[in-house]
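Subject: Structure handover

Hi,

Here is the structure for you to load. My notes on what turned up follow below.

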Amino acid sequence: MPLAFSTTRSINPDQFASVLRACSLGGRRPVDHPDILAAMLENANLLATAWDGHNLVGVARSVTDFAYCCYLSDLAVDERYQNRGIGKELIRQTQARLGDNCKLILLSAPGARDYYPKIGFSRHDSAWVIEARGNIS
Ligand SMILES: CC(C)(COP(=O)(O)OP(=O)(O)OC[C@H]1O[C@@H](n2cnc3c(N)ncnc32)[C@H](O)[C@@H]1OP(=O)(O)O)[C@@H](O)C(=O)NCCC(=O)NCCS
């Protein structure tokens, strides 16, 4: 069965945790906190997903106004499915939902630093973060 992509299907916190755990992002996201995962899904407004049949194999979760800026918070592809163009296609699907004047912005995980320049992102030398008050990451 060919892979299917969607920007309209929703997923539940268990599915989200599974795909995060199936790649290195699992160590950098609150996979043991279903309440936080639920809020991440409920309050994000653009979710691109990749499916092998009923199995979720990739996700791109963004928060956006669709017109000016889009923060791509989590891009994750199940390790068994990596290097098949799924990450690139999830970003393409995300961008296709955005207006022409909308920028895509993200903070890269260390292991993906060399990925984004390959697929058309340019490095910004002036990104700034105020870390969360709590210690769950
Ligand atoms: C990074 C990630 C999303 C890429 O998804 P993917 O589906 O494997 O990547 P694609 O198949 O779209 O790759 C496109 C190109 O980038 C390359 N690439 C993939 N992962 C890469 C990485 N981590 N670093 C550098 N290049 C990478 C591929 O080899 C491919 O190159 P090619 O076109 O020359 O063959 C995926 O590997 C992943 O989930 N990694 C773990 C979680 C993570 O770090 N996510 C990013 C959080 S910011």
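**The sheet and its pairing**

Val-59 has Ala-76 in E4 as its bridge partner. That pair is a good place to start reading. Keep in mind that this is a predicted model.

Val-59 and Ala-76 belong to a pairing of E3 with E4, which is antiparallel and runs over seven bridges. Around them is an open sheet of five strands, ordered E1-E2-E3-E4-E5, with mixed pairing. Strand E1 (4-6) and strand E5 (103-105) are the edges, and each pairs on one side only. From one strand to the next, the twist averages 20°.

Now the other pairings, from the E1 edge across.

- E1 and strand E2 (residues 46-52) run antiparallel and are joined by three bridges. Ala-4 has Trp-51 in E2 as its bridge partner. Phe-5 stands opposite Ala-50, also in E2.
- E2 and E3 run antiparallel too, joined by seven bridges. Here Leu-46 is partnered by Ser-62 in E3.
- E4 and E5 pair in the parallel sense, over three bridges. Cys-69 has Lys-103 in E5 as its bridge partner.

**Turns and positive phi**

Which residue takes a positive phi in the hairpin of E2 and E3? Gly-53 does, with a value near 65°. That hairpin has two residues between the strands.

The hairpin of E3 and E4 has four residues between the strands, and there Phe-66 takes a positive phi near 70°. Phe-66 is not a glycine. As a rule, most residues other than glycine have a negative phi. Phe-66 sits in the loop between E3 and E4. Phe-66 counts as partly exposed because 13 other C-beta atoms lie within 10 Å.

Asn-83 is another non-glycine with a positive phi, of about 65°. Asn-83 lies in the loop between E4 and H3. Is Asn-83 buried or exposed? Asn-83 has 8 other C-beta atoms within 10 Å, so it is exposed.

**Helices and the core**

Helix H1 (residues 13-21) lies across strand E3 (55-64) and strand E4 (69-77). H1 runs at about 105° to E3.

The largest nonpolar core has 21 residues. Val-19, Val-57, Val-59, Ala-60, Ala-76 and Leu-90 touch the most other members. The elements giving two or more residues to this core are H1, E2, E3, E4 and helix H3 (86-96). Which element gives the most? E4 does, with five residues. In soluble globular proteins, nonpolar side chains tend to be buried together.

Ala-76 comes up again here. Leaving aside neighbours within four places in sequence, Ala-76 is in contact with Val-19, Leu-20, Cys-23, Leu-25, Gly-58 and Val-59. Val-59 is also the bridge partner of Ala-76. Val-19 and Val-59 are, like Ala-76, among the core residues that touch the most other members.

Helix H2 (residues 34-43) holds Met-40. Why does Met-40 count as partly exposed rather than buried? Met-40 has 19 C-beta neighbours inside 10 Å, and a buried residue needs 20 or more. Met-40 is therefore partly exposed. Met-40 and Arg-61 are 21 residues apart in sequence. In space, C-alpha to C-alpha, they are 8.5 Å apart.

**Around the ligand**

The shell around the ligand has 22 residues. Gln-82, Gly-87, Lys-88, Ala-112 and Tyr-115 come nearest. E4, H3 and helix H4 (115-118) are the elements that give two or more residues to this shell. By class, the shell has 11 nonpolar, seven polar and four charged residues.

Note that E4 and H3 appear in both lists: each gives two or more residues to the core, and each gives two or more to the ligand shell.

**If you only have a minute**

Look at Ala-76 for the core, at Phe-66 and Asn-83 for positive phi, and at Gln-82, Gly-87, Lys-88, Ala-112 and Tyr-115 for the ligand.

Best wishes

Terms used
Residues numbered from 1 in each chain as written. Predicted model: local features only at pLDDT ≥ 70, side-chain atom pairs only at ≥ 80, totals over all residues. Pairing = 2+ DSSP bridges. Axes fitted to C-alpha atoms, helices over the stretch in contact; angles between N-to-C directions. Contact = placed C-beta atoms within 7 Å. Core = buried A, V, L, I, M, F, W, Y, C linked by C-beta atoms within 7 Å. Buried ≥ 20, exposed ≤ 12 C-beta atoms within 10 Å, placed from the backbone. Near = placed C-beta within 6 Å. Nonpolar A, V, L, I, M, F, W, Y, C, P; charged D, E, K, R; others polar.
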